[in-house]
Amino acid sequence: MVDERAQLEVARLGECRIDSPLSAMLRKRPTTRHYVDEHDRVLLDDTVSLVSARGVPIGELPGFEPGGPRAKIFFDPSKTRVGIVTCGGLCPGLNDVIRALVLELTNHYGVRRIFGFRNGYQGLTARYARPVVDLDPEAVSGINEYGGTILGTSRGNQDPNEIVDCLEQLSVNILFVIGGDGSMRGALKIAEVVAERGLRLAVVGVPKTIDNDIPYIERSFGFQTAFGKATEAIRAAHVEATAFPNGIGLVQLMGRHSGFIACYAALANNDADYVLIPEVPFALDGPGGFLEHLRRRVVDRGQAMVVVAEGAGQEYLTAKGVDASGNVRLEDFGRYLRGRIAEHFAAAGVEANLKYIDPSYTIRSVPADPYDSVYCIRLAHAAVHAAMAGRTEMVVGRWRGRFVHVPIALAISSRNLVDPDGDLWLSVLEATGQPPVFA
Ligand code: F6P
């Protein structure tokens, strides 16, 4: 049986001996509903049944190390050099995280040297010769007003030995990696080389993806902004569909393996009649298939609204290999479905006015909404506290509403998926009225 308690243990560079500049703020805060003391744990399970099923004494229940400032820290701030890198696809809030890291490090810990590496891991690899950017409060002023990342990004990992060479040359003590699962795999390799070389260098991640597919992290930053932006496409398609006889609105939204964006955007509008996601397979053809159901609905009700996640229905298409991050290159299911709907209605002699919208990158290139901005700042604060306290090979996350430290190995061990037996999908079925299965 997997020892979850061991898997949840966060690596430390060593004992914390230095008084934190933030210790005055901490005083003697006990664990409360709003704060978790550093010696406490945030339980993995949150129901009586889940806890009881463990059948172990309460002190042996698996739990996360809480995030937050420590009274004693590992790194001497005046001698600490920090690097920040953003990797992978864009995500609303990247600039908020960069700015909050820089402000917290500078204003509260008194760190004086922060490097920004350009274009993801390429910026740490000599052959790309990307200039290193100096980051200070002035350099990051107002950047949170903009989408994208001031540091630029790229897909794909680079040789971890070359990356650690670069970090050693610049005498970097802490590397913050803001990236998705592929980038975190790279971060883990960097941390492994750091350990092999016996360096005092912390690698701390801030997990990023609009797809919300990182496990043990209730919600990734940028997800809320992205699905909020996606609702505009659904609204537009719905307006179009309701204006025409037998109007069909079809919107394809990002979501490679996980249909969270499609589910949340559809629920936010509450206008979708169908949501198709990768986690719930569906038949297109046949009497119980999606196309037949859609045609009957359009004939009965005069219109329909369909939301698909881009990773849905890939079994109907042929994959085109993998991208630089190792992700399967998806085929365009939205366009395929548009064609299949048109063919199906034509074959049945039923008029259809199909309006197709794919907002694509527009949902992830925008600045973070206020809620995500707050979340980004708080994740960045937690990341700084963890790194200054010598934690490494970990990402910051939020679990049961608490900020926690998650070992990278655990964060990349699986994928967060919409559970077809869970309450989110049930809400989607309730809101859309679609059958639980198209078979
Ligand atoms: O992983 C996040 C994401 O936005 C996915 O939803 C999407 O499939 C992918 O990135 C596309 O990114 P790119 O075209 O930059 O590779």
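Leaving out the neighbours within four places in sequence, Arg12 makes contact, meaning heavy atoms within 4.5 Å, with Glu65, Gly390 and Arg391. I should say at once that this is a predicted model, in which local features need pLDDT of at least 70 and side-chain atom pairs count only at pLDDT 80 or more, while totals for chains, interfaces and linings use all residues. Residues are numbered from 1 along each chain as its sequence is written, and side-chain values use heavy atoms, with hydrogens and water left out.

With Glu65, the side chain of Arg12 forms a polar contact of 2.9 Å, that is, a pair of N or O atoms within 3.5 Å, where within protein one must be able to donate a hydrogen and the other to accept it, and residues adjacent in sequence count only if both atoms are side-chain atoms. Between the C-alpha atoms of Arg12 and Leu253, which stand 241 residues apart along the chain, the separation is 40 Å.

Let me turn to the ligand. The residues around the ligand, with a heavy atom within 4 Å of it, are Arg155, Ile210, Asp211, Met254, Gly255, Arg256, Glu310, Tyr361 and Arg364. Among these, the side chain of Glu310 places an N or O atom 2.4 Å from a ligand oxygen atom, a polar side-chain atom of Asp211 lies 2.7 Å from an oxygen atom of the ligand, and for the side chain of Arg256 the corresponding distance to a ligand oxygen atom is 3.5 Å.
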